[in-house]
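Subject: Structure handover

Hello,

Here is the structure we spoke about, with its sequence. Please open it alongside this message.

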Amino acid sequence: MTNDENNYESLHFFKNEGVVILGDNRSIPSLGTGTVNLEVQAEDTSCDLSLSDVLYVPDLGKSLVSVRPMLKKGADVKFSGIKVLLQVGKDCIEIATEKNDMFVLDKVRDHQKTEVHAANATEMH
């Protein structure tokens, strides 16, 4: 889920807004869903990620990436110490590093070149 409408390649607005419940039990509206394309770079390797069904949540403080949708697309996500590795087929790339108890995606670029943060393991769904 992301708070920036510009991150989307395609975005479809809901007829009736949805609700996202935050960790502190506050609720904020989700206004739509769509596809976000990201390029993750680590050293001399890059990996293109196309994330579908990404919620548009304007009041969200940081964009979050869920592991489950990546697994459904056939990727293997491994948490190894302070690193997160993404493997698709034989290709493996480090996609995130732990920073302040969060896993932050490494050098992420989308069509707007904005940074997207991944939630820590207890916040991922």
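Below is what was found in it, starting with the cores and ending with single residues.

Please keep in mind throughout that this is a predicted model.

Nonpolar cores

In soluble globular proteins, nonpolar side chains tend to be buried together. In this model, the largest nonpolar core has 19 residues, and Met70, Leu86 and Ile95 are those with the most contacts inside it. At least two residues of this core come from each of β2 (27-42), β3 (45-56), α1 (67-72), β5 (83-88), β6 (91-99) and β7 (102-105). The element that gives the most is β3, with 4 residues. Another core, of 5 residues, lies apart from the largest one; Met1, Val20, Ile28 and Val57 are among its members.

Aromatic pairs

The structure holds 3 aromatic pairs, and two of them are described here.

Tyr8 and Tyr56 pair edge-to-face, with 6.1 Å centre to centre and 80 degrees between the planes. Tyr8 sits in the segment before β1 and Tyr56 in strand β3, so this pair ties together parts that are 48 residues apart in sequence. Both Tyr8 and Tyr56 are buried.

Phe79 and Phe103 also form an edge-to-face pair, at 5.2 Å centre to centre and with 65 degrees between the planes. Because Phe79 belongs to strand β4 (residues 76-80) and Phe103 to strand β7, the pair ties together parts that are 24 residues apart in sequence. The two rings do not share a burial class: Phe79 is partly exposed, with a relative accessible area of 37%, whereas Phe103 is buried, with a relative accessible area of 10%.

One aromatic cluster is made up of Tyr8, Phe13 and Tyr56.

The segment before β1

Asn7, like Tyr8, is found in the segment before β1. Is Asn7 buried or exposed? Its relative accessibility is 3%, so Asn7 counts as buried, the cut-off for that class being under 20%. The side chain of Asn7 is joined to the side chain of Thr2 by a polar contact of 2.8 Å.

Two positions in β1

Phe14 lies in strand β1. Which residues does Phe14 contact, leaving aside neighbours within four places in sequence? They are Ser30, Leu31, Gly32, Thr33 and Leu55. For Gly32, which is 18 residues from Phe14 along the chain, the two C-alpha atoms are separated by 4.9 Å. Phe14 counts as partly exposed because its relative accessibility is 33%, which falls between the limits of 20% and 50%.

Val19 is also placed in strand β1 (residues 10-21). Not counting residues up to four places away in sequence, Val19 touches Ser27, Ile28 and Ser30. Ser30 is 11 residues from Val19 along the chain, and the C-alpha atoms of these two residues are separated by 5.5 Å. Val19 has a relative accessibility of 56%, so Val19 counts as exposed. Ile28, one of the residues touched by Val19, is listed among the members of the 5-residue core.

Ser30 therefore appears in the contacts of Phe14 and in those of Val19.

Regards

Definitions and conventions
Residues numbered from 1 in each chain as written. Predicted model: local features only at pLDDT ≥ 70, side-chain atom pairs only at ≥ 80, totals over all residues. Heavy atoms only, no water. Buried < 20%, exposed > 50% of the residue type's maximum accessible area, 1.4 Å probe, protein only. Contact = heavy atoms within 4.5 Å. Core = buried A, V, L, I, M, F, W, Y, C linked by side-chain atoms within 4.5 Å. Polar contact = N/O pair within 3.5 Å; in protein donor to acceptor, adjacent residues only side chain to side chain. Phe/Tyr/Trp six-rings, centres within 6.5 Å; stacked < 30°, edge-to-face > 60°.
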